Amino acid sequence: MTELEAIERCRQGDISGLHVLYDLHRTKVYHLSWRMLGSQHDAEDVLQEIFLKVFDRIKNYRGDSAFSTWLYRMTTNHCLDILRRRKIVAFLGFENAPEVEDKKDSAKAMDLGFSPVLAKALEKIPEKQKACFLLREMEEMSYEDIAESLQLSLGSVKSNIHRAKAYLKEYLEKEGLTLKDV
Amino acid sequence: MDHKLKEINLTETFRKMGRITVDPQVFNRAWFKVEERIAARQRPLLGHLVWKPWGHPIRWAAAAVLLFAAYSGVLYNNLQEQDNLGEYVETISNPIDNLAKDTGIVHLSPLISEAPAPFRELLLSDENADNLANDDLSI
């Protein structure tokens, strides 16, 4: 079944169509949300939520842009919502609980070859910059697709990526790491 | 030149990170939950049994009306019971006063007003008296 056929089936409420879309895009959605939120556990939750949203909102997808662009837009917005909520929770003084989970996840990240220093550096980048940077560097999306996904101007996407990179370089140098060691 | 080389390495590192293989169990588990949640939504009976008044403002109003009706019903019932009890207590606590208030209608007990039963004489006569009782008397 092709992606278009799967989308059509999904529109008709057929779960087999959703399964095909899930198999095609699950890894990228998972990776993107993992990097955005810094936790594998949260990424798994996001994966579920996003594909439920896809099933509910597929009728709104008109096909003007690529399905992956539409999907990443939804994923990024969902992650940004979670990060915003976390900020509120932290502001209210409940920030200690997620930290325990983060420590476990950084251990898992090490097992998978993901540098905890980089994970920490990523955590400190502002959300929009992080989203642009991750879509570009990890998902290898074009600037145009990122702009469409995040509903930003092309210039804004480029400047967000540039700032994120500059921040990462600065952070890693402060940590005493040369970029080759990362 | 050196700066350019560093930037390429950073990009490569991140792209490598984006290709990290994830345990397929994670994806299977997530898909199972997605399927389960969609199936749960499609069960019409359960969906109708669970009423969530917080889902819509009109439901809030409906819930408020129901609560008000139930509360006023209970209140009305309590007031009725209190009135009945008050009337009863008043009646039994001051019978003379109640007699004074009597409007002249006399309610006689059927024991007084009705004619005696026809078998009364039969009960008083010794005609059918027990023989054994007669023996006892003779002793």
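This is a chat about some helices and residues in a predicted model.

Reader: Hi! Let's start with chain B. How many helices and strands are there in it?

Author: Hello! Chain B has eight helices and zero strands. From the N terminus on, its elements run α-α-α-α-α-α-α-α.

Reader: Nice. And what percentage of its residues are buried?

Author: Buried residues make up 3% of the 139 residues in chain B.

Reader: OK, over to chain A. How do the axes of H1(A) and H2(A) cross?

Author: Helix H1 covers residues 3-11 of chain A and helix H2 covers residues 15-37. Their axes come within 7 Å and cross at roughly 135°.

Reader: What do you call that arrangement of H1(A) and H2(A)?

Author: H1(A) and H2(A) are oblique to each other, because an angle over 145 degrees would be needed to count as roughly antiparallel. The crossing of H1(A) past H2(A) is left-handed.

Reader: Which residues meet there, from H1(A) and H2(A)?

Author: From H1(A) you have A:Glu3, A:Ala6, A:Ile7, A:Arg9 and A:Cys10. In H2(A) they meet A:Ser16, A:Gly17, A:Leu18, A:Val20, A:Leu21 and A:Leu24. By class, the contact of H1(A) with H2(A) has seven nonpolar, two polar and two charged residues.

Reader: Now something between chains. How do H3(A) and H2(B) cross?

Author: Here the axes of H3(A), residues 40-57, and H2(B), residues 24-42, come within 9 Å and cross at roughly 40°. H3(A) is therefore oblique to H2(B), and their crossing is right-handed.

Reader: Which residues make the contact?

Author: H3(A) brings A:Glu44, A:Leu47, A:Gln48, A:Phe51, A:Leu52 and A:Phe55. H2(B) brings B:Val26, B:Ala30, B:Lys33, B:Val34, B:Arg37 and B:Ile38. By class, the contact of H3(A) with H2(B) has eight nonpolar, one polar and three charged residues.

Reader: Several of those H3(A) residues are three or four places apart. Why would residues with that spacing point the same way?

Author: An α-helix has 3.6 residues a turn, so residues three or four places apart point the same way.

Reader: Thanks! Which residues have the most contacts inside the largest nonpolar core?

Author: Those are A:Leu47, A:Phe51, A:Val54 and A:Cys132, in a core of 43 residues. H2(A) gives this core its largest share, nine residues.

Reader: What does A:Leu47 touch, not counting residues up to four places away in sequence?

Author: A:Leu47 touches A:Arg26, A:Val29, A:Tyr30, A:Ser33 and B:Ala30.

Reader: Switching again: how many residues of H8(A) are buried?

Author: Six of its eight residues are buried, so H8(A) is mostly covered. They are A:Asp145, A:Ile146, A:Ala147, A:Glu148, A:Ser149 and A:Leu150.

Reader: And A:Tyr143, what is its exposure?

Author: A:Tyr143, in helix H8 of chain A, is partly exposed, with 16 other C-beta atoms within 10 Å. Leaving aside neighbours within four places in sequence, A:Tyr143 is in contact with A:Leu154, A:Val157 and A:Lys158. The C-alpha atoms of A:Tyr143 and A:Leu154 are separated by 6.6 Å, with the two residues eleven apart along the chain.

Reader: Last one: what phi does A:Gln151 take just after H8(A)?

Author: A:Gln151 has a positive phi of about 55°, although it is not a glycine. A:Gln151 sits in the loop between H8 (143-150) and H9 (154-174) of chain A.

Reader: Is A:Gln151 buried or exposed?

Author: A:Gln151 is exposed, because 10 other C-beta atoms lie within 10 Å and 12 or fewer counts as exposed.

Technical notes:
Residues numbered from 1 in each chain as written. Chains lettered and ligands numbered in written order. Predicted model: local features only at pLDDT ≥ 70, side-chain atom pairs only at ≥ 80, totals over all residues. Helix = DSSP H or I, 4+ residues; strand = E, 2+ residues; numbered from the N terminus. Buried ≥ 20, exposed ≤ 12 C-beta atoms within 10 Å, placed from the backbone. Axes fitted to C-alpha atoms, helices over the stretch in contact; angles between N-to-C directions. Parallel < 35°, antiparallel > 145°, perpendicular 65-115°, else oblique. Left-handed = near helix turned anticlockwise from the far one by under 90°. Contact = placed C-beta atoms within 7 Å. Nonpolar A, V, L, I, M, F, W, Y, C, P; charged D, E, K, R; others polar. Core = buried A, V, L, I, M, F, W, Y, C linked by C-beta atoms within 7 Å.
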